[in-house]
Amino acid sequence: MASFPKDIQRAGFGSGKMRSALFTFFIFILTSGRAGGRVVTVSQGPLVRVEGQAAALGCSVREYEGPTEQDFDWKVLRDDRWLQVISTFDLRFADQSLQGRVDSGDITVERRGPASVALLIGRLRPADSTAFRCSTPSTDAVFQGNYEADVRLIVIPDSLQVDPSPPPAVVPEGGALELHCNATRDVLPQAYTHLSVSWSVARETGPEDVLSFGPDGGVAVGPGYAQRYTDGELRLDLPGGGVYGLVLTQASPGDGGVYTCTAGEWSREAGGAWQQILERSAEMGEVQVTPTDDDITLAVGDTLNLTCSVAVDYPRSLRLEVTWLLSSAPGASPAPAEPRVLAQVGRDGVVKGAGRPVGLTRVEPGAFQLLVRGLARSDSGLYSCRVRAWIHRTTGDWYQAAQNSSHPVRVLVTVKDPVFKVLLLDKETPQFSGDPTELECQVRGVSGLGAARLGVSWLYAEATPGDVIAAGSGSVMATLDAEGTQQAGQGYEDRLGNGELVLYRSAPSTFRLRLLHTHDTDMGAYSCAMAVWSPAPPGWEKGPEVHSEPLNVFWTAKTPRVSVAARRLREVTSAGGTFEMSCQVTGQNLRNPGYSVLIQVEERVGGRTRRVLSLGPDSVLGLEEWSELDRVVLERTSAKEFRFRLYQAQRADRGFYSCTVTAWTRDPAQTWTRSASGQSNRVPVAFADKGPVFNISVRSDSRRVAPWETAKLQCILTTLGAAPSPGNMQRPLLVGTGVALAVGILSVLLGLICTRCCCRDALQSPQTPGPQDLELDPLNHGPLAAMAMD
């Protein structure tokens, strides 16, 4: 059924006999016009989504007439009935059965442009598996096209499961590393979905993507594994039964780390595009690849003691030059560089490069000892000694007789596992959007720190109430290292820079995080991670992190709303009168708001709108599309009431006046941020036009004149409204007690005293001779001129 124009619907003329009459009238006048007309489109369906997840249904309109910004209504099909869900125009549009979800913010409508919106559902329910209808009230002059469109939403159960097989804890270098993961979900005939499986590994340098499979059967490899995949060292194993395998045929020490398996559920949308509707990850475990060479494992802070023994005959003329070298191990990240010289004993016996923490001494002939004190993790690598034999000739010259290097020894410097626990407490939680949040991270049972220090990382993970979040999940918000240096995570730079995000150490083993203004988007799971920082000249080295259990921070999100009621205080009954209107504001779910108001006037309902006057949240008055500031006044009479006055109302001022009020809140930088807006009802100014109204004033070139002098009197006449023809206008001048003088130059005779003069305009019809006085508008009569003679 066709819908009526919005202004008629909102005025209440859409039911009963009046609706039928108007519909018949529209059919009569709208038989011609544009070909095509209004087009409403929604997201192409059916759309498959998962229970408990979010969904967004788009709707747009084109080829329409009327205001640039269009309104939208959403309905849902339940038991063969269309129930009202939400509207961009009517705040109380929702059906009673859905009002609770709208009030809590679970169902919202987001405007994405003047002619497009999206219906947002925060947490899908099985009952949402139905059809949704988007409709647009008509603002077109010609009623044609489509004004509504439907989209089907299929909500499937959350059945995705990820069950990884634990990998071997230790793999020898060159051996095969196999990682298997079982990913399953329920297959429904009405909504077939596809799976993807990917593997990633976390190292000290950060996470790395290894390989991904699906949902279209394709394989994608991480940036550091492309060549190994091409060479066949990295391959995908699909034994079936929901089991997906990743195989590294020749593992290297650099392949060690904590592996994670991630499964995704996908739906193919209209047009062939893939849409991920669910993702779930599971940590598989840590893998260490042990090198085949002889190695030495030491802890951070220990001392390394190596001896280089040289077997050579020692003629008197032979001298040895011994150099200790350190190079990166194969497979290490970054790639191995040129060996670094640690210390050297020259052929003259002089030691170069030694000193704390590196020492080099000759303990016996042919034996040279290297000591490295206070090891750091960066001291891990391959150690070797290079020996050059020099012979001193009788001529005094030296020449190199031989050179050889030792077999490298692999040294692995590790950090001792921390022996403490981390506990996260909530010190202050928000009850309302904009409230502060403060969390405290405590270390329990820490011991043996010595010169080491603690550092903390704060993490945030998106979540909904009831979600189970694994420890260590989420992205880094900010970190505080051993020296107290703060570092913001991606997306938190501005909040840390402007002081909205604060982190500090309140005690040696206690750290706090404070959000001065918590937004709705900050709801989720928070956790902290402690790490021991050990001295590693010239700085500090970070050890493994210990994570706290996640702490959920949630509150009931409420959508801010503003409603405005306008009422007439003074009514204009004729031209020249004063119009006064009050705008009363009612705000909901707003915290310490400031209000701005804009006065608008429409020539007629649905006609051209003109902006008159505005008052900002800081009480700054602004003249909009109005040129006469002396005739309009807008003032704030209380925190939630504004008054508008229009003086000397004219014919051009008639129309429908309304107030648009916007609520603003201040952000941490004391900048006003828009929260919500509301528009009042229209108050008409429609006084009757009773004909012309005259404004008359008299001026004299002199206030006092002597006998026989000449005085000039001017009678100034202006009219408002329909002006009569010049032939029907007479302007007699009445002086004193009825002595008539012509307008212009007046010769005042001796003995004639003009003590008070005034002029009156009269209209005379051709059939009625003589002047006829008109009653003047008491609000617009001009001043009377007074003149006296000496």
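Buried, in these legends, means under 20% relative accessible area. All views are taken from a predicted model.

**Figure 1. Close-up of the disulfide between Cys-308 and Cys-385, both of which are buried.** The sulfur atoms of Cys-308 and Cys-385 lie 2.0 Å apart in this disulfide, and the link is right-handed, with 65° about the S-S bond. Distant parts of the chain are joined here, since Cys-308 belongs to strand β21 (residues 304–309) and Cys-385 to strand β27 (residues 381–392), the two cysteines being 77 residues apart. The structure holds 5 disulfides, and two others are shown in the next views.

**Figure 2. Close-up of the disulfide that joins Cys-59 to Cys-134.** The S to S distance is 2.0 Å, and the torsion about the S-S bond is about -80°, so the disulfide of Cys-59 and Cys-134 is left-handed. Cys-59 sits in strand β3 (residues 55–62) and Cys-134 in strand β8 (residues 131–135), so that the pair, 75 residues apart, links distant parts of the chain. Cys-59 and Cys-134 are both buried. Thr-136 lies in the loop between β8 and β9 (148–156), and its relative accessibility of 2% is why Thr-136 counts as buried. The side chain of Thr-136 makes a polar contact of 3.1 Å with the side chain of Arg-38.

**Figure 3. Close-up of the disulfide formed by Cys-441 and Cys-528.** The two sulfur atoms are 2.0 Å apart, and because the torsion about the S-S bond of Cys-441 and Cys-528 is about 75°, this disulfide is right-handed. The bond links distant parts of the chain, with Cys-441 in strand β31 (residues 437–444) and Cys-528 in strand β37 (residues 524–536), 87 residues apart. Cys-441 and Cys-528 are both buried.

**Figure 4. Close-up of strand β32 (residues 453–461) with its partner strands β37 and β33.** Of the 9 residues of β32, 8 are buried, so the strand is largely enclosed by the rest of the structure. The pairing of β32 with β37 is antiparallel and extends over 9 bridges, with Gly-455 standing opposite Ala-531 in β37. Strand β33 (residues 475–480) is also antiparallel to β32, to which it is joined by 5 bridges, and in this pairing Trp-458 stands opposite Ala-478 of β33.

**Figure 5. Close-up of the open sheet of 3 strands, in the order β21-β26-β25.** The pairing in this sheet is antiparallel. Strands β21 and β25 (358–364) stand at the edges, and because each has a single partner strand, one side of each is left without a neighbour in the sheet. Neighbouring strands are turned against each other by 20° on average, direction ignored. Between β21 and strand β26 (residues 367–372), which run antiparallel, there are 6 bridges, and Leu-304 has Val-372 in β26 as its bridge partner. Strand β21 is also the strand that holds Cys-308 of the disulfide in Figure 1.

**Figure 6. Close-up of the open sheet of 4 strands, in the order β30-β31-β36-β35.** The pairing is antiparallel, and the edge strands, β30 (421–428) and β35 (501–507), each pair on one side only. Neighbouring strands of the sheet are turned by 20° against each other on average, with direction ignored. Strands β30 and β31 run antiparallel and are joined by 7 bridges, with Asp-426 standing opposite Leu-439 in β31. Strand β31 also carries Cys-441 of the disulfide in Figure 3.

**Figure 7. Close-up of the largest nonpolar core, which has 35 residues.** The residues with the most contacts inside this core are Ile-156, Trp-199, Val-210 and Tyr-259. Elements that give two or more residues to the core include β9, β13 (194–203), β14 (206–213) and β18 (257–268), while β19 gives the most, with 6 residues. Leaving aside residues up to four places away in sequence, Tyr-259 touches several residues, among them Leu-177, Leu-179, Val-201, Val-210, Leu-248, Met-284 and Val-287. A second, separate core of 32 residues includes Trp-458, Ala-488, Leu-501 and Leu-503. In soluble globular proteins, nonpolar side chains tend to be buried together.

How values were computed:
Residues are numbered from 1 along each chain as its sequence is written. This is a predicted model: local features need pLDDT of at least 70, side-chain atom pairs count only at pLDDT 80 or more; totals for chains, interfaces and linings use all residues. Side-chain values use heavy atoms; hydrogens and water are left out. A disulfide is a pair of cysteine sulfur atoms within 2.5 Å. Buried means under 20% relative accessible area, exposed over 50%, partly exposed in between (1.4 Å probe, protein chains only). Two strands pair if DSSP finds at least two bridges between them. A polar contact is a pair of N or O atoms within 3.5 Å; within protein, one must be able to donate a hydrogen and the other to accept it, and residues adjacent in sequence count only if both atoms are side-chain atoms. Axes are lines fitted to C-alpha atoms, for helices over the stretch in contact, and angles run from 0 to 180 degrees between N-to-C directions. A nonpolar core is a set of buried Ala, Val, Leu, Ile, Met, Phe, Trp, Tyr and Cys residues joined through side-chain atoms within 4.5 Å. Contact means heavy atoms within 4.5 Å.
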